[in-house]
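Reader: I am new to this one and would love a guided tour. Could we look at it together, one question at a time?

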Amino acid sequence: KRSFCGNMDDKTRCHWVNESSDILKKYHDEEFSVPQFDDDYLFEILVLVNFQTGLSWEIMLKKREAFREAFNGFDVEEIANYDDEKIEELLSNEAIIRNRKKISAVINNAQVFIEIQKEHGSFYEYIKTFTNGEIFHERGLTESELLRISSSIRFSIRERISAAAAFVNVNTNNLDISIPASNILKIGAIT
C-alpha cells in the first residue's frame with residue numbers, strides 16, 4: 001500500500017515537496033496540510049492556481065506577495081469590479097505573470113465566486129457538497145484511492161464551475177491547491 005507522503009526530516013511531507021525549497025516546505029507544513037475553511041484564503045488560492053497553469057507552484061509562492069499587492073489583497077469584491085484600466089495596469093506589472101486571458105478569468109471567477117457565496121452561504125460550504133462534508137487525508141490513501149476520489153471531485157467541480165468560471169485549474173499534481181490534490185480539493189475535501 002503506497003502512501004503519497006513519506007517521512008522526511010522528521011516531518012511527514014507529500015512526495016511533491018522539494019526538500020531543498022524552504023518556501024515549499026513552509027507552504028506544505030503551514031497551509032497545504034491544514035484544512036482551510038476561510039473564503040478569503042480559498043479565493044487567494046484560486047487566483048494563484050489560475051496563474052500557476054504551466055508553471056511550478058514554487059514560482060507562484062515566490063510571486064505571491066506581488067500578486068497580493070497587484071490584486072488588492074485578493075479582495076474578491078474589488079476584483080469582481082475590475083475595469084479595462086485595472087486590467088492594463090496588471091498587464092504592465094512586471095512582478096506578476098501577465099496574461100490577459102488569465103487576468104480576465106480571475107475577474108470572471110471572482111464574480112462566480114460571489115454568486116456561489118450568495119447561493120451557498122460561503123464558497124467553503126459549496127466545496128463541501130462534493131464530498132458530503134467529509135475530509136479526506138492523503139496520508140492514509142493509496143494512489144488508486146486518491147485518484148478515484150480526486151477524479152470524482154474534479155468531475156463534479158468541472159460540471160458545476162467550468163460552465164461559468166474560466167481558468168479554474170483543477171488537477172491532481174501538486175503543488176498545488178491539493179491532492180496532490182488540487183487546491184480546490186484541498187479546500188476542505190482532501191488535505
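Reader: Let me start with two rings: are Phe113 and Phe123 buried or exposed?

Author: Happy to help, and please keep in mind that this is a predicted model. A residue counts as buried when its relative accessible area is under 20%. Phe113 and Phe123 are both buried.

Reader: How are the rings of Phe113 and Phe123 arranged, stacked or edge-to-face?

Author: Phe113 belongs to helix α6 (residues 100–120) and Phe123 to helix α7 (residues 123–128), so the pair links distant parts of the chain, 10 residues apart. Planes under 30 degrees apart count as stacked. Here the ring centres are 4.3 Å apart and the planes stand at 25°, so the pair is stacked.

Reader: Which residues make up the aromatic cluster that includes Tyr27?

Author: One pair to look at is Tyr27 with Phe32, a tilted pair with 6.3 Å from centre to centre and 50° between the planes. Tyr27 is buried at 2% relative accessibility, and Phe32 is buried as well, at 1%. The cluster is formed by Trp16, Tyr27, Phe32 and Trp57.

Reader: Stepping back, what pattern do helices and strands follow along the sequence?

Author: The protein has nine helices and four strands. Of its 191 residues, 51% are buried. Read along the sequence, the pattern is β-β-α-α-α-α-α-α-α-α-β-β-α.

Reader: How many of the 14 residues of α2 are buried?

Author: Helix α2 covers residues 39–52 and reaches 20 Å from its first C-alpha to its last, close to the 20 Å expected at 1.5 Å a residue. This helix is largely enclosed by the rest of the structure, because the buried residues of α2 number 13 of the 14.

Reader: What sits at the two ends of α2, and which phi does Gly54 take?

Author: At the start of α2, a side-chain oxygen of Asp38 comes to within 3.2 Å of the backbone nitrogen of Asp40. Just after the helix comes Gly54, whose phi is positive, at about 85°.

Reader: How does α2 cross helix α3, and is the crossing left-handed or right-handed?

Author: Two packed helices are described by the angle between their axes and the distance between the axes. For α2 and α3 (residues 57–70), the axes come within 10 Å and cross at roughly 120°. That angle makes α2 oblique to α3. The crossing is right-handed.

Reader: Which side chain does the side chain of Ser21 contact at 2.7 Å?

Author: Ser21 lies in the loop between β2 (11–14) and α1 (22–32), and it is buried, with a relative accessible area of 4%. Its side chain also reaches the backbone nitrogen of Leu24 at 3.2 Å. Across 37 residues of sequence, a partner lies 8.1 Å away, C-alpha to C-alpha. The polar contact at 2.7 Å is with the side chain of Glu58.

Reader: In the loop between α3 and α4, is Asn72 buried or partly exposed?

Author: Most residues other than glycine have a negative phi. Asn72, in the loop between α3 and α4 (76–80), has a positive phi near 45°. At 31% relative accessibility, Asn72 counts as partly exposed.

Reader: And what about Phe74, is it buried or exposed?

Author: Phe74 lies in the loop between α3 and α4. Although Phe74 is not a glycine, its phi is positive, at about 60°. With 3% relative accessibility, Phe74 counts as buried.

Technical notes: Residues are numbered from 1 along each chain as its sequence is written. This is a predicted model: local features need pLDDT of at least 70, side-chain atom pairs count only at pLDDT 80 or more; totals for chains, interfaces and linings use all residues. Side-chain values use heavy atoms; hydrogens and water are left out. The expected span of a helix is 1.5 Å times one less than its number of residues. Buried means under 20% relative accessible area, exposed over 50%, partly exposed in between (1.4 Å probe, protein chains only). A polar contact is a pair of N or O atoms within 3.5 Å; within protein, one must be able to donate a hydrogen and the other to accept it, and residues adjacent in sequence count only if both atoms are side-chain atoms. Rings of Phe, Tyr and Trp (its six-membered ring) pair if their centres lie within 6.5 Å; planes under 30 degrees apart count as stacked, over 60 as edge-to-face and the rest as tilted. Axes are lines fitted to C-alpha atoms, for helices over the stretch in contact, and angles run from 0 to 180 degrees between N-to-C directions. Angles under 35 degrees count as roughly parallel, over 145 as roughly antiparallel, 65 to 115 as roughly perpendicular and the rest as oblique. A crossing is left-handed if the near helix is turned anticlockwise from the far one by less than a right angle, and right-handed if clockwise.
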